[in-house]
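Work through the exercises below with the model open. Try each task before you read its solution.

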Amino acid sequence: MIRTIVVLTLFCSASGFILSYLKDLTAPAIEEQLLVNVQGPAITSVFNRAENNPVSDRHTFETGDGKRVVVFPCFVGNRLTGVAIEGFGKGYGGDVGVIVGFNVENDSLAGVGMTVLKETPGLGMRVREPAFSDQFRNASFPVALSSAGGRIDAVSGATISSNGVIEAVNKANAVYKELRPQILAQWDK
C-alpha cells in the first residue's frame, strides 16, 4: 500500500512539473499567436491606414491600481495618430473582448474590433458585423445604446451582447483617459 502511494506521488509530481515546464515554455509562442492572429486583425480593422505595425510597436503601461495594459500605437507620416486598447465587458456567453481605437488628436473613438467573443451563433455573434461595429466610428463618450439615451443601436435579440461591447468600450476609454499623458510621452516625441 505504501509503495503504491509513493509511486503515485512521484508520478503525479513528475507529471505536474512537466506540465508546468511546458506551459512556461510555450507561453511566449501562444502570446505571439494571440497578438498576430486575434488582436492584429482587430487593430487593422480599426486603423487600416497605419504605416507601422501596431502589434510589434506595442508598449505595456501600468495603471494607478497596478494593472498592466498593452497599448498599440498607430502612426501615419511618422506622427502618432491613434492608439488601441483592449477592453472587456460581460456578454451572454462570457467575456466580450474589444479592441478600442482612439484618435489622439481629438480623443474621439476611431472604431472597434472584436477579439474575444463566445456569444450565441447567429444572434450574439452579430455584434461582429459591420452594421453594428461601424456605429462606433467617431462616436462620442460615454457610448450607450439608444435604449439608454445613446446613439448605438443594439443588435436585435442580442441586447446582452450589445451591452457587453458598450461596457468594454467604456472601460477601455477610462483606461485611455488615465494613461493618455504616459502614452503621449512614450510616442509623441
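The exercises cover a long helix, a surface patch, a buried serine, salt bridges and unusual backbone geometry.

**Ground rules**

This is a predicted model in which local features need pLDDT of at least 70 and side-chain atom pairs count only at pLDDT 80 or more, while totals for chains, interfaces and linings use all residues. Numbering starts from 1 along each chain as its sequence is written, and side-chain values use heavy atoms, with hydrogens and water left out.

**Exercise 1. Compare the span of α1 with the expected value, then locate its bend.**

Step 1. Take the limits: α1 covers residues 2-46. Helices here are DSSP runs (H or I, at least four residues), strands likewise (E, at least two), numbered from the N terminus.

Step 2. Take the span. α1 has 45 residues and reaches 62 Å from first to last C-alpha. The expected figure is 66 Å at 1.5 Å a residue, and the span is close to it. That expectation is 1.5 Å times one less than the number of residues.

Step 3. Find the bend. α1 turns by about 40 degrees at T26. The angle is taken between axes fitted to the seven residues ending there and the seven starting there. A proline, P28, follows within four residues.

**Exercise 2. Which residues of α1 are buried, and what do they pack against?**

Step 1. Set the classes: buried is under 20% relative accessible area, exposed is over 50%, partly exposed is in between (1.4 Å probe, protein chains only).

Step 2. List the buried residues of α1: L35, Q39, G40, A42, I43 and V46.

Step 3. Find their partners by contact (heavy atoms within 4.5 Å). The buried residues pack against β2 (68-76), β3 (79-90), β4 (95-103) and β5 (108-116).

**Exercise 3. Which residues make the nonpolar surface patch, and what is its area?**

Step 1. Apply the patch rule. Members have over 30% relative accessible area and no salt bridge; like charges are joined within 9 Å, nonpolar side chains (Val, Leu, Ile, Met, Phe, Trp, Tyr) within 5 Å.

Step 2. Collect the members: F17, I18, Y21, L22 and L25. The patch area is about 550 Å². Areas come from the Shrake-Rupley method with a 1.4 Å probe; for residues, only the protein chains shown count as cover.

Step 3. Check one member. L22 sits in α1 and is partly exposed at 41%.

**Exercise 4. Is S162 buried or exposed?**

Step 1. Place S162: helix α3, residues 159-187.

Step 2. Read the relative accessible area of S162. The value is 0%, so S162 is buried.

Step 3. List the neighbours. S162 touches V127, F132, L145, A154 and V155, leaving out residues up to four places away in sequence.

**Exercise 5. How many salt bridges are there? Examine three pairs among them.**

Step 1. Apply the rule: a side-chain nitrogen of Lys or Arg within 4 Å of a carboxyl oxygen of Asp or Glu. The count is four.

Step 2. Take E105 and R79, which meet at 2.2 Å, N to O. E105 is in the loop between β4 and β5 and R79 is in strand β3, 26 residues apart. E105 is exposed at 54%, whereas R79 is partly exposed at 43%.

Step 3. Take D107 and R180, which meet at 2.6 Å, N to O. D107 lies in the loop between β4 and β5 and R180 in helix α3, so this pair ties together parts 73 residues apart in sequence. D107 is partly exposed at 32%, and R180 is partly exposed at 23%.

Step 4. Take E129 and R126, at 4.0 Å, N to O. E129 is partly exposed at 39%; R126 is partly exposed at 31%.

**Exercise 6. Which peptide bond is cis, and where is phi positive outside glycine?**

Step 1. Recall the background. Most residues other than glycine have a negative phi, and most peptide bonds are trans.

Step 2. Check omega. The bond joining F141 and P142 is cis, with omega about -10 degrees. P142 is in the loop between α2 (130-133) and α3.

Step 3. Check phi. N78 has a positive phi, near 60 degrees. N78 lies in the loop between β2 and β3 and is exposed at 78%.

Step 4. Turn to N138. Phi is positive there too, near 60 degrees. N138 is in the loop between α2 and α3 and is exposed at 58%.
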